[in-house]
Amino acid sequence: MSINELQDEIIEEFQDLDDWMDRYQLLIDMGNSLPPLDEKYKTESNLIEGCQSRVWLQADYDGAHIHFQAESDALIVKGIVSLLVRVLDNQTPQDILNADLYFIDQIGLREHLSPTRSNGLLAMVKQMRMYALAFSTKN
């Protein structure tokens, strides 16, 4: 699926939930469905700087697509990173670099996050794009 198709799918899942407590619960559920990150990837170099809670991001490149794995020790943050992984995993570096991640605003995520979580979200997106940029130079 394309990045935009995945974003539209997420928007659809959130649009029926008017109450933000329900949306937070959906985020937590999504985070809980994220496969646990192998301990060998929970390294200092995989920690995302700028996040108040601990978020690890592992990226692997198969020559065509980037494969992301992530985990966080905070429930809502784990949900947020699971959304990013869902949208950007198994995409090409160029598609990730060109992506407009409109779902973040359309589901109201940015406006309902505390400033520190919002900064963390931006740091996660920035790190994923940095991996895409690094891997794009390998082609």
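This is a short talk on how the helices and the nonpolar core fit together in one structure. A caution before the details: the model is predicted.

Start with helix α3, residues 75-88. Two of its partners are worth a look.

Take α2 first. That helix covers residues 20-32. What is the angle between α2 and α3? About 70°, with the axes 7 Å apart. Angles from 65 to 115 degrees count as roughly perpendicular, so α2 and α3 are roughly perpendicular to each other. The crossing is left-handed.

Now the residues. On the α2 side we have Y24, L27, I28, M30, G31 and N32. They meet L75, I76, K78, G79, I80, S82, L83 and R86 in α3. By class, that contact holds 8 nonpolar, 4 polar and 2 charged residues.

Next, α1. Helices α1 and α3 pack at about 140°, and their axes are 8 Å apart. Roughly antiparallel needs an angle over 145. So α1 is oblique to α3. From α1 come I3, L6, Q7, E9, I10, E13 and F14. From α3 come L83, R86, V87 and L88. The split here is 7 nonpolar, 1 polar and 3 charged. Note that L83 and R86 of α3 appear in the α2 contact and in the α1 contact.

On to the core. In soluble globular proteins, nonpolar side chains tend to be buried together. Here, the largest nonpolar core has 48 residues. Which of them have the most contacts inside it? F68, L83, L84, L101, F103, L109 and M124. Several elements give two or more residues: α1 (3-15), α2, β1 (55-61), β2 (66-72), α3, α5 (103-106) and α6 (115-136). Which one gives the largest share? α3, with 9 residues.

Let me zoom in on two residues. V81 lies in helix α3. Is V81 buried or exposed? Its relative accessible area is 1%. Buried means under 20%, so V81 is buried. Leaving out residues up to four places away in sequence, V81 touches L34, V55, A70 and M124. V81 and V125 are 44 residues apart in sequence, yet their C-alpha atoms are 9.0 Å apart in space.

Then M124. Leaving aside neighbours within four places in sequence, M124 is in contact with I48, C51, V55, V77, I80, V81 and L84. V55 is on the V81 list and on the M124 list.

To close, back to α3. This helix packs with α2, packs with α1, and gives the core its largest share.

Conventions:
Residues are numbered from 1 along each chain as its sequence is written. This is a predicted model: local features need pLDDT of at least 70, side-chain atom pairs count only at pLDDT 80 or more; totals for chains, interfaces and linings use all residues. Side-chain values use heavy atoms; hydrogens and water are left out. Axes are lines fitted to C-alpha atoms, for helices over the stretch in contact, and angles run from 0 to 180 degrees between N-to-C directions. Helices (H or I, at least four residues) and strands (E, at least two) are DSSP runs, numbered from the N terminus. Angles under 35 degrees count as roughly parallel, over 145 as roughly antiparallel, 65 to 115 as roughly perpendicular and the rest as oblique. A crossing is left-handed if the near helix is turned anticlockwise from the far one by less than a right angle, and right-handed if clockwise. Contact means heavy atoms within 4.5 Å. Ala, Val, Leu, Ile, Met, Phe, Trp, Tyr, Cys and Pro count as nonpolar, Asp, Glu, Lys and Arg as charged, and the others, Gly among them, as polar. A nonpolar core is a set of buried Ala, Val, Leu, Ile, Met, Phe, Trp, Tyr and Cys residues joined through side-chain atoms within 4.5 Å. Buried means under 20% relative accessible area, exposed over 50%, partly exposed in between (1.4 Å probe, protein chains only).
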